[in-house]
Amino acid sequence: MESLFAEFGAAHKERDGYKLSKTLSPDISNDRLKAVFKSCNANDVRRFLKTGLERSCSDWERLEAEEVKTWVEIYFNYWRVAGELLAIQGSSAANGKAYQSSWGKIYDMWAELLQALTRGYNEYGLEAWTIPCLYVVSNHLRIFAIKADEERNQNTALGNSTELESFDDFDDPESQENQTLRDCCHRVNRVFNICLADRYVCTPSCFDSHPAIDYDCSAPLEESRKWGIYYIANLIFKIYFKLDSASLIKNIIKAISAGRGDMPELSRFPKSQQVTFNYFQGVLYFLEEDYVAAEKHLTEALNLCHKDAMRNKELILTYLIPCHLLTTHTLPSQKLLEPYPKLQKMFTPLSQCIKRGELHAFDLALQDGEEEFVKRRIYLTLERGRDIALRNLCRKVFLAGGFEESKDGAPPVRRSRIPVAEFAAAISLGSQEKIDNDEVECLLANMIYKNLMKGYISRAASIVVLSKTGAFPGTGV
């Protein structure tokens, strides 16, 4: 515990929020957890913490009584969680007695820690430099919530659950699968609102008469809690996707847009937060089938992504490649896919089929990867790639038609009047299904509508009249 006090004091002296947040991270070794938990007993822990925290800063400043009280409550809950983590990991608990814990209990205690921390901002007015503590505590609340849900679902499946079931559980059993994560979502949303609706006055004169939470004006930008908005928003996005409620992201984006006039630009935040925010925005637009907007945000995320963050780049490209396929009709190159074996496995077979215009092979490749495509929510988008494969097949028919006879030494012009029967034969061969001319005309009309072909269909003559220049836009033909 003495090392924790020393780190707390050093963080306060340097006003380093990231260093301070490390003292609240439960992701530490068992030895350190034991050192924290066994440094004092339950009856004396608050007094012990108060003395240690005051002493840690005594050489350069005197902490106000309310601030000390706030941090004592925060670290008291941290101390409780340390004991539960030791118990769940099989280490000795209090007094060496056998003790069983659960992730549900740890989640509840960590939620109390977050509540004590948010109370510190609402009632005492913790300074903005401590915001990284909100990051760490909120993120681990999400992690503990996921573990608690997994534990409860496993116990329920084994018939070991001790929880009372409500009548609603029988009507909708799936609603209970992520019960703890839903509670976590509500709590983290409150943290987001604390950052978004910062009404503190953070000027030197106000600190002299602290607290100043009743003043009706916003904090100066450099000392505002609004610097925590995008990190917490990104955390909420992760929770929404885990809950399969991606559409709720729009509420967060609207709230940020509404308050954009008195908050920092996204470009002033760390690049990691910019990448994550653009990624989730891009995925949201992707799911809403606004592929132009999705491409914009995903491209921005990819350009800002660290060159060594291969996993993040892979996630971005998972959605950006299908976007490019539909917006620009371009396929990923082997050079692009080479560093990503998973993406190679997913997209190379489809890309080859699209490029060659092999409809039946495309259907088989889509079927082979169906489970992975559905899991990543890209199946329906990739399915539209069949139109590009059909375009390339029709282009082959156009090229195979050769040239019309030139007149008076004019340069040769490709045959632009092609019988529907030729397209029908090619499509039937490519798809390995017999297709009649009416269905072929329907397919060709759809391609003309989508600007994949330029021309028109003459039903009377049963021919397709293609443009003599740019019959297949974007292909050089």
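Here are three short exercises, with worked solutions, on a predicted model.

**Exercise 1.** Work out what kind of aromatic pair Tyr75 and Tyr78 form, and whether each is buried or exposed.

*Solution.* Start with the general recipe: a pair of aromatic rings is described by the distance of the centres and the angle of the planes. Here the ring centres of Tyr75 and Tyr78 are 6.5 Å apart and the planes sit at 85 degrees. Edge-to-face needs over 60 degrees, so this pair is edge-to-face. Next, look at the sequence: both belong to helix α5 (residues 65-88), three residues apart, so about one helical turn separates them. Finally, check burial, where the cut-off is under 20%. Tyr75 has 2% relative accessibility, so it is buried; Tyr78, at 4%, counts as buried too. The structure holds 23 aromatic pairs.

**Exercise 2.** Check whether the length of helix α22 (residues 420-431) agrees with its residue count, then find what covers its buried residues.

*Solution.* Take twelve residues at 1.5 Å a residue: the expected span is 16 Å. The end C-alpha atoms are 16 Å apart, so the two agree. Now list the buried residues of α22, which include Val420, Phe423, Ala424 and Ile427. Their cover includes α18 (359-368), α21 (385-400), β1 (417-419), α23 (437-449) and β3 (463-466). Just after α22 comes Gln432, with a positive phi near 60 degrees.

**Exercise 3.** Find which residues have the most contacts inside the largest nonpolar core, and follow up on Leu466.

*Solution.* The core has 142 residues, and Trp71, Tyr75, Phe192, Ile256, Phe423 and Leu466 have the most contacts inside it. Skip the neighbours of Leu466 within four places in sequence, and its contacts include Phe398, Ile418, Phe423 and Met453.

Notes: Residues numbered from 1 in each chain as written. Predicted model: local features only at pLDDT ≥ 70, side-chain atom pairs only at ≥ 80, totals over all residues. Heavy atoms only, no water. Core = buried A, V, L, I, M, F, W, Y, C linked by side-chain atoms within 4.5 Å. Buried < 20%, exposed > 50% of the residue type's maximum accessible area, 1.4 Å probe, protein only. Contact = heavy atoms within 4.5 Å. Phe/Tyr/Trp six-rings, centres within 6.5 Å; stacked < 30°, edge-to-face > 60°. Helix = DSSP H or I, 4+ residues; strand = E, 2+ residues; numbered from the N terminus. Expected span 1.5 Å × (residues − 1).
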